[in-house]
Structure formats: C-alpha cells, structure tokens
Amino acid sequence: MSAATLLKEAPTVRTSTMLPVRTALGTLAVPSVLTLVDPLPGLPAHDVLELDALDDAGALFALRSTDDAAAPLRLFVVAPDAFFTGYTPDVAATAARLRAAGGEGTDAGHTVLVVVHPAGPSHAEPTANLLAPLVVDLASGRAAQVVLEGDWPLRAPLS
C-alpha cells in the first residue's frame, strides 16, 4: 500500500485548543473540539463539533461539524452571560453525567452555551434558545444539550 493511499484512508484527528468563553465567573478556557455524548435533536450524524471564536470578547462562536458529511453543520452559539444577566439554569446533573462519561472523574467545571436563531423573515432580530442550553465539560470537551425544566424562553431576543 502506498503512502498516499495510507494518508487518504487515515482518519482525521482533531486536536483541541482552548478558547476563552465569557461567563458570570469570569473568562473560562473551553476546549475547541466538543464531543457530544448524545446527538443534538434532529442532527444525529454529527457527534464531534469544532468551536470557533467569532469575536475577541468570548461571547460569539460558530459550532461546526468536523466530519465529511454530505450536509455539514454550522450553528451559532453564544455565551449567555454576555446577553442574559441572571441566566442561571440548573445543569448540575448534566455536568455530572458528562464528567462520568469519560471515567476520569476530574471536575474542572462546566459552562453553558446557547444556540442562536439568526434574524430572518420571521424574526426581526436574532434570538437565543435559553430552554435547551449546550452544557460543556471543561476538562474533557464532552458536551450535551439539555432541555430545562421551568419557564425559559425558546427565542429570547439578543440585546
């Protein structure tokens, strides 16, 4: 087998760097490669996502699929503390599940990102889904979207 064939067949390995994310506790370092422990609802083919900073403030990010799927995924997510003071969802159970998923038991903490719905014909301004945040384990980069209990808005205006 030639070297060119081996390179073509070798899986792509993503290395994770750390990105600054603004939180109520200050700026946290978040892995740039996130591994979903459960697929995002309606998007089962994407289990590894790359987080790219879109600003220097640690508030706006693109979340992109890393696979070569026919339909690549790109979502925009924000650090909710940059837009929604007082947004303190209870995600402790999900954070503990993410820690346990890898078996290390390391608790470096977690953070929350929320998916943005861009402005368009049906919405005059971008909104964020505060009902179903993405919880990220800081030590491992494992992540899961959780649907919260309570009265959190599905489309909270970014302001």
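**Close-up A. Asp38 and its salt bridge with Arg97 in the predicted model.** Asp38 is partly exposed, its relative accessible area being 33%. Its partner, Arg97, is likewise described as partly exposed, at 38%. The closest N and O atoms of the two residues are 2.8 Å apart. Asp38 belongs to the loop between strand 3 and strand 4, whereas Arg97 is part of helix 2; with 59 residues separating them, the pair links distant parts of the chain. A search of the whole structure returns 2 salt bridges, and the one between Arg64 and Asp52 is the subject of the next view.

**Close-up B. The salt bridge between Arg64 and Asp52.** The side chains of these residues meet at an N to O distance of 2.5 Å. Arg64 is located in strand 5 and Asp52 in strand 4, 12 residues apart in the chain. Arg64 has a relative accessibility of 30% and therefore counts as partly exposed. Asp52, at 23%, also counts as partly exposed; the value lies above the 20% under which a residue is called buried.

**Close-up C. Strand pairing around strand 5.** Strand 4 and strand 5 are paired in the antiparallel sense through 5 bridges. Within this pairing, Ala53 faces Phe61 of strand 5 as its opposite residue. The two strands form a hairpin with 6 residues between them, and Gly58 in the turn adopts a positive phi of about 75 degrees. Strand 5 is also joined to strand 6 by 5 bridges, again with an antiparallel course. Here Leu60 has Val78 of strand 6 as its bridge partner.

**Close-up D. Phe61 within the largest nonpolar core.** This core comprises 19 residues, and those with the most contacts inside it are Leu51, Phe61, Leu63, Val77, Leu113 and Leu134. At least two core residues come from each of strand 1 (18-23), strand 3 (33-36), strand 4 (48-53), strand 5 (60-65), strand 7 (110-117) and strand 9 (134-137). A second, separate core holds 17 residues, among them Leu98, Val116, Leu130 and Ala144. Leaving aside residues up to four places away in sequence, Phe61 touches Leu19, Pro20, Val21, Leu51, Asp52, Ala53, Leu54, Leu75, Phe76, Val77 and Leu113. In soluble globular proteins, nonpolar side chains tend to be buried together.

**Close-up E. The tilted aromatic pair of Phe83 and Phe84.** The search of the whole structure yields 2 aromatic pairs. In the pair formed by Phe83 and Phe84, the ring centres are 6.4 Å apart and the planes make an angle of 50 degrees. Phe83 is partly exposed at a relative accessible area of 28%, whereas Phe84 is buried at 11%.

**Close-up F. The edge-to-face aromatic pair of Tyr87 and Trp152.** The centre-to-centre distance is 4.8 Å, and the planes stand at 85 degrees to each other. Tyr87 lies in the loop between strand 6 (74-78) and helix 2 (92-102), and Trp152 lies in the loop between strand 10 (142-145) and strand 11 (156-157), so the contact ties together parts that are 65 residues apart in sequence. Tyr87 is buried, with a relative accessible area of 6%. Trp152, in contrast, counts as partly exposed at 25% relative accessibility.

Terms used: Residues numbered from 1 in each chain as written. Predicted model: local features only at pLDDT ≥ 70, side-chain atom pairs only at ≥ 80, totals over all residues. Heavy atoms only, no water. Core = buried A, V, L, I, M, F, W, Y, C linked by side-chain atoms within 4.5 Å. Buried < 20%, exposed > 50% of the residue type's maximum accessible area, 1.4 Å probe, protein only. Helix = DSSP H or I, 4+ residues; strand = E, 2+ residues; numbered from the N terminus. Contact = heavy atoms within 4.5 Å. Phe/Tyr/Trp six-rings, centres within 6.5 Å; stacked < 30°, edge-to-face > 60°. Pairing = 2+ DSSP bridges. Salt bridge = Lys/Arg side-chain N within 4 Å of Asp/Glu carboxyl O.
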